Amino acid sequence: MTHASLSPLLSPLLAPLPRSLAADSVPFYQPQGNEVALFEHAYRQRLPLMLKGPTGCGKTRFVRHMAARLGLPLHTVACHDDLTASDLTGRYLLKGGETEWSDGPLTRAVRGGGICYLDEVVEARKDVTVVLHPLTDDRRLLPLERTGEQLLAPDDFMLVVSYNPGYQHILKTLKPSTRQRFVAISLDFPAASIEVDIVARESGLPRQRCEALVSLAARLRTMKGQDLEEGVSTRLLIYCASLIQAGMPVLDAARAALLEPLSDDPDVLKGIEDVVTATFG
């Protein structure tokens, strides 16, 4: 792809932020590619967006960054096994002896505009994705059966979902009929130089010391699918660097932020500790 063909996608990256947004009001996010431009184009074309990537690679931070960049309210829902469609859309509640309808986060976003972000959407029950279908095609409609309403999503509403395709069990995945309702962006852990910049900026630890942590992360990530279910996340690297910056010894910080969160198996922990010791001495 030529620079000329990329320019329409990259132009939003170069555009100044709205005057109403102070620089420090936008959560820091370091782009890895053209994901910022793709997100903005999806929003402007009123397209639902799916983010794919491993745990802790920055999906949620990316959505927070984009919501602030676009000046939109953000409604975040952490999906889980017990999440139902009613948790998203709303339900009748008893107040003062009377029943009153209470909107759920999805309904609030559709009524008032903004981004509704469903984190790890495949963890939710199947009836949740059924509710999303009318919102993810040209109708952009949210039917509320209990109130009899048919809510038409405004132009400034956007639905964003995320999930970790490498972690989900075969029985917990999105059906093709759901996946093909979204445009998608694949995110991964940043390149080493970018990840060093992120860890240093977020933790305050000098960049040279962060380079060793990122090098360690690369070695631990090669253990994914063998001894570890997941590789060490950028989030955990920031936690570890923050502890070191606060004065904790490196090996103690690594044990608390990198070893223990990754496994409960004593043999696996011993193997990881050997890698940490080999890296830091």
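These are my notebook entries on what I looked up in this structure, which is a predicted model.

**Entry 1: the chain as a whole**

I began with the secondary structure and found 12 helices and nine strands in the protein chain. I then looked up burial, and buried residues make up 46% of the 281 residues in the chain. For the contacts with a separation of 6 or more, I noted that 72% are accounted for by residues 24 or more positions apart.

**Entry 2: the largest pocket**

Next I turned to open space, and I wrote down about 460 Å³ for the largest pocket. Its lining consists of 23 residues, and those closest to the centre are Gly56, Cys57, Gly58, Arg61 and Arg235. I asked myself which elements each supply at least two residues of this lining. I found that α3 (59-70), β5 (114-119), α8 (192-203) and α10 (234-245) do so. Sorted by class, the lining has nine nonpolar, seven polar and seven charged residues.

**Entry 3: the nonpolar cores**

I looked up the largest nonpolar core, which has 31 residues, and noted that Leu213, Leu220, Val232, Leu237, Cys240, Leu258 and Ile272 touch the most other members. Two or more residues of this core come from each of α8, α9 (207-221), α10, α11 (250-259) and α12 (266-280). A second core of 28 residues is separate from it, and its members include Leu118, Val121, Val122 and Phe157.

I then followed Leu237 on its own, leaving aside its neighbours within four places in sequence, and listed contacts with Glu195, Val199, Leu213, Val214, Ala217, Arg221, Val232 and Leu258.

**Entry 4: the cysteines**

How many disulfides does the structure hold? I counted zero. For Cys116, the closest cysteine sulfur is in Cys79, and because the two sulfurs are 8.6 Å apart, they are too far from each other for a bond. Cys116 counts as buried, since its relative accessibility is 0%. Cys210 is likewise in no disulfide, and the nearest cysteine sulfur, which belongs to Cys240, is 9.5 Å away. Cys210 also counts as buried, with a relative accessibility of 0%.

**Entry 5: two serines**

I looked up Ser162 and found it in strand β8 (residues 157-163), where its relative accessible area of 0% makes it buried. Beyond its neighbours within four places in sequence, Ser162 is in contact with Leu51, Lys59, Tyr117, Leu118, Asp119, Glu120 and Val121.

Ser86 sits in helix α4 (residues 85-89). Is Ser86 buried or exposed? I recorded a relative accessible area of 19%, and Ser86 is therefore buried, as the cut-off for buried is under 20%. Again leaving aside neighbours within four places in sequence, I found Ser86 in contact with Arg91 and Arg146. Ser86 and Arg146 are 60 residues apart in sequence, while their C-alpha atoms are 9.8 Å apart in space.

**Entry 6: two residues with positive phi**

Finally I checked the backbone for positive phi values in residues other than glycine, and I noted Glu120, whose phi is near 55°. Glu120 lies in the loop between β5 and α6 (126-132), and Glu120 is buried, with a relative accessible area of 16%. I also noted Arg140, which is not a glycine either and has a positive phi of about 50°. The place of Arg140 is in the loop between α6 and β6 (141-144), and with a relative accessible area of 10% Arg140 is buried.

Terms used:
Residues numbered from 1 in each chain as written. Predicted model: local features only at pLDDT ≥ 70, side-chain atom pairs only at ≥ 80, totals over all residues. Heavy atoms only, no water. 1 Å grid on protein atoms, 1.4 Å probe; cavity = no way out; pocket = protein on both sides within 12 Å on 5 of 7 lines; lining within 4 Å. Points joined across faces, edges and corners; volume = space filled by probe spheres on them. Helix = DSSP H or I, 4+ residues; strand = E, 2+ residues; numbered from the N terminus. Nonpolar A, V, L, I, M, F, W, Y, C, P; charged D, E, K, R; others polar. Core = buried A, V, L, I, M, F, W, Y, C linked by side-chain atoms within 4.5 Å. Buried < 20%, exposed > 50% of the residue type's maximum accessible area, 1.4 Å probe, protein only. Contact = heavy atoms within 4.5 Å. Disulfide = S-S within 2.5 Å.
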